Amino acid sequence: MKLSEAKAAPISDDLQTRLAASESRVAELESRLAEAEETLHAIRTGQVDALVVAGPDGDQIFALEGADHAYRILVEEMQEGTVTLDQSGLILYANRQFASMVRLPVESIVGSSISRFLPPDRRTTFSTLLAETDGTRQRSELTLMADDGLRVPVTISLNRLETGGINTVCAVITDLTEQRHYEAMVKDGELSRSILDQAIESIVVIDARGKILRVSESARKLAGRDVLLRHFDSVFEFWDRDQKVDAPRLLSAARSDNGIRSIEVILHHTDGADSTLLLSAGPLWSSSRDLLGCVVTLTDITERKETEEALGRQAHELERMNSDLKQFAYAVSHDLREPIRIVANYSQLLEKKYKDKLDEHADGYIRHTVNAAHRLERLLDDLLAYTQTAETQHTVEAPLDANVVLAKTLNMLDTALAESGARIESDALPMLWVEEIHLQQLFQNLIANSLKYRSDGLLRIRITAQAGKDMWTLGVSDNGIGIDPQYHEHIFGLFKRLHGGSKYSGSGMGLAICQKIVERYQGRIWVESEPGRGSNFLFTLPKET
Amino acid sequence: MTRLKLLLVEDNPADVFLVREALHEESLDCDLEVVDDGEQAIQFFERADAGGQAPPDLLLLDLNVPRIGGEQVLERLRRSRTCAGIAVVVISSSDSPHDRKKAADLGAAEYFRKPANLDEFMALGKLVRRLADKRRGAVA
């Protein structure tokens, strides 16, 4: 400003010359100031590595070591690996972390292609990634191959740099090995927790001092409360007969290698109830074979035990009932039979001696007495046959020719067959693993039924046999009066009869006996029939013993 | 011809009556001595052996009698000097093969199961006549 004011006043030529020189000097200084400011800015923003300063002894170069050193230390001390690459993937620079990731000294890395450390199948992908990297950052997960073949999972992030007209890419590489390991551990933890939550068995893991480290969900329920980090003995009270199964015993058993295998223990609950469990215990070793603790597995068998005991009681009760039944059968066959026989004998004697000698009413009374005595006697025979069928099984030692048994049965029924005029046909029958008396009773009862419930026409009875997978199906069919389907099951019941005694006599036990017999051989019996269309009684018996 | 002598060991009066009826039906001319337990039967043999009693021609024995059972009676009979050779008909309400075999083993000539049918019961008369005839034939 002063200069301008001075310029405005009239001045001498000399002054004018000096003024011009001054102005030129100011312009130069201004230009140098701007340059210095620019340099400072460049230094401050890291654009300058070194300064060339002209001095009286010529130019002097000052490297900005302070700033550069700090960056280098930062880069070298980073946990991440860093490399700078040129366009083709050539490594221009690598830090120590990267060197240790790929297990090579830095000197052997610089100048190699990055491809050297990539699995063959990822090289093209990486080249593409490299080419596409612009100003923005690119991230990718891939696997590095160390020089010794070790595969290192990493994330790599790429940044394009342009320095001095050369295109470079700066890559920061994070080793994921630790992270993957951690993730796997987390997954393992989840897996084992999931196993513990779902296990039906109660599982309790204790440490070497008896403290509970892990429990399965069912063990927690067994304890009835949260038990983590409590002492095993303060939570569970197990007894093996009169010996307590406590943490010291479990740990000592675990240490002995054999552990404990399924011993039956009683758990006393705080509410006074008891559970019965199977207890096993095995060791938990560290990799250096120190006992870390033990794993206790418990299976609740309280219900199973109760069921077993109930079954035992039932079996005992059944045995007692069976014994009662046998005694009853004995009483029936001997004690009851005697007076009935006497009644039968004397009513017949009365009939023989006094028939037509009293009046017709008396004759009727006598006839009823005689008939009742006969029925009573037959009832006893059948009841005895039924109870004897229920007796304990004998093993059948040899198969029986059913044709022979049928022939014998027909022979026994000879008179009744002749009277009925029935025509009997039979298939060729198989050999059967049954007792003769049983097969004979089956044939006899079924054929007798056909004779009893016949229609007016010619009675035809057919005995059939059909082979199944494990069983033979035998049948006795007739063209008799038939049975209404609503009674098809009813007729196999004890004392079940469909007809009054006047027309068709019987004790109502024949089919019940047949059913009992086939059931003894794991077979079954049923009827296919309709009123007026005959009946076909079918039963199955085993092919093998 | 001497009258046939029969000894019946039977505790049920109803059966004693039926046996009498069967013998009567067959018109057998016989003396029937009846005792109702095994002990009296053995005493009968002892009296015969002592000469105080004529031995019977035939013994009709119910196996199921009080005090001393029919089997023991048969064993004792075999040791009797005067009665050992007489024919024995075991009469029983049991039809079991076991009882039939036991009776045969003890030397019974016949096993008669007491039937509910009167006609079958009356057949006992014919059985006794057959055995008596056989004995007379042997004696003659």
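A residue counts as buried here if 20 or more other C-beta atoms lie within 10 Å of its own, with the C-beta atoms placed from the backbone. In this predicted model, that criterion is met in helix H13 (residues 402-412) of chain A by Ala402(A), Val405(A), Leu406(A) and Thr409(A). The points below take up this helix, and then a sheet with the helices that pack on it.

**Helix H13(A)**

- The buried residues of H13(A), namely Ala402(A), Val405(A), Leu406(A) and Thr409(A), cover an arc of only 100° around the axis, and therefore lie on the same side of the helix.
- An α-helix has 3.6 residues a turn, so residues three or four places apart point the same way.
- The packing partners of the buried residues of H13(A) are, in chain A, the strands E15 (400-401), E16 (423-426), E17 (431-432) and E18 (460-467), together with helix H15 (436-452).

**The five-stranded sheet**

- Five strands of chain A, in the order E16-E18-E19-E21-E20, make up an open sheet whose pairing is mixed.
- Because E16(A) and strand E20 (525-529) of chain A each have a single partner strand, they stand at the edges, and one side of each has no neighbour in the sheet.
- On average, and with direction ignored, neighbouring strands of this sheet are turned by 15° against each other.
- Seven bridges join E18(A) to strand E19 (residues 471-478) of chain A in the antiparallel sense, and Ala465(A) has Leu474(A) in E19(A) as its bridge partner.

**Helices on the sheet**

- H15(A) packs on the sheet, where it touches E18, E19 and strand E21 (535-542) of chain A, and its direction makes about 25° with that of E19(A).
- Helix H16 (residues 510-520) of chain A also packs on the sheet, touching E20 and E21 of chain A, with its direction at about 30° to that of E21(A).

Definitions and conventions
Residues numbered from 1 in each chain as written. Chains lettered and ligands numbered in written order. Predicted model: local features only at pLDDT ≥ 70, side-chain atom pairs only at ≥ 80, totals over all residues. Buried ≥ 20, exposed ≤ 12 C-beta atoms within 10 Å, placed from the backbone. Helix = DSSP H or I, 4+ residues; strand = E, 2+ residues; numbered from the N terminus. Arc of directions from axis to C-beta. Contact = placed C-beta atoms within 7 Å. Pairing = 2+ DSSP bridges. Axes fitted to C-alpha atoms, helices over the stretch in contact; angles between N-to-C directions.
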